[in-house]
Amino acid sequence: MFSSDGATLLQQAGQTDAAIALLDKYEAVFKPIVNTTANGKTVGALDRDDRYWLTRGDVQRDAGKLDDALASYDKAIAAKNVNLVKATYAKGSVFIAKKEFDKAAEQLTDITPPDGTGALPEAYMAMGEIQFSKKDWAAGCQSYAYAITKLKAQSVPREQLNAMVTDVEKKLITAGQRPVAKLWVDEAKPLLQ
């Protein structure tokens with residue numbers, strides 16, 4: 001979708017106001033359009049446009065408008081479309097930014113199964129952060145390990161994966177968990193090979 005891509009590029013260029021303005025124009029054009037579903041109901045085209053709401057939420061989140069971002073992500077989730085998992089993760093990330101870890105965990109639980117079968121590595125990283133905030137070091141390390149495994153499968157550069165291992169190690173050391181940090185490094189390094 002042109003407006004989402006354009007808004008993302010404007011946002012990356014630091015032009016948040018222009019990104020919001022582009023999204024507002026898109027919304028003005030598509031808001032009155034309705035479609036008929038297979039079962040004969042009418043639904044607004046914008047209500048089903050999860051990509052639009054996801055992009056709008058991302059721009060709002062990066063602009064520090066966290067409550068507006070939550071509302072946009074709720075609309076992306078309500079669309080029940082292909083970006084449902086991404087929208088769910090994005091909403092959880094806003095709760096993390098607001099330091100509302102219980103709400104974040106509630107949001108992310110369905111997309112971060114404890115067996116590692118979830119689709120998004122970012123969601124497992126967020127869950128690891130939540131678990132560390134609750135001093136659940138073992139579960140947090142497991143979540144970070146799932147994230148690294150998924151990122152490796154996506155051919156993320158080794159340097160980036162090494163940086164993640166080091167970042168988790170530093171978080172553990174800062175939290176006074178030096179023995180856990182050593183165990184983390186010993187267990188995580190083989191994941192990179």
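**Pockets and a surface patch in a predicted model**

The second largest pocket is lined by Ala138, Cys141, Gln142, Ala145, Val180, Leu183, Trp184, Glu187 and Leu191, where a pocket is an open set of points on a 1 Å grid over the protein atoms alone that a 1.4 Å probe fits, with protein on both sides within 12 Å along at least five of seven lines, and lining residues have an atom within 4 Å of a point. This is a predicted model, in which local features need pLDDT of at least 70 and side-chain atom pairs count only at pLDDT 80 or more, while totals for chains, interfaces and linings use all residues. Residues are numbered from 1 along each chain as its sequence is written, and side-chain values use heavy atoms, with hydrogens and water left out.

**Second largest pocket**
- Its space is about 150 Å³, a volume being the space filled by probe spheres set on the grid points.
- Helices α8 (137-153) and α10 (178-188) each supply at least two residues of this lining, helices being DSSP runs (H or I, at least four residues) numbered from the N terminus.
- The lining of the second largest pocket divides into seven nonpolar residues, one polar and one charged.

**Largest pocket**
- About 300 Å³ of space lies in the largest pocket, and of the 16 residues that line it, the closest to its centre are Thr8, Leu54, Thr55, Asp58 and Lys86.
- At least two lining residues come from each of α1 (2-12), α3 (50-62) and α5 (84-97), and α3 gives the most, with six residues.
- The lining of the largest pocket comprises five nonpolar, five polar and six charged residues.

**Helix α2**
- Phenylalanine 30 lies in helix α2 (residues 16-30).

Notes. Ala, Val, Leu, Ile, Met, Phe, Trp, Tyr, Cys and Pro count as nonpolar, Asp, Glu, Lys and Arg as charged, and the others, Gly among them, as polar.
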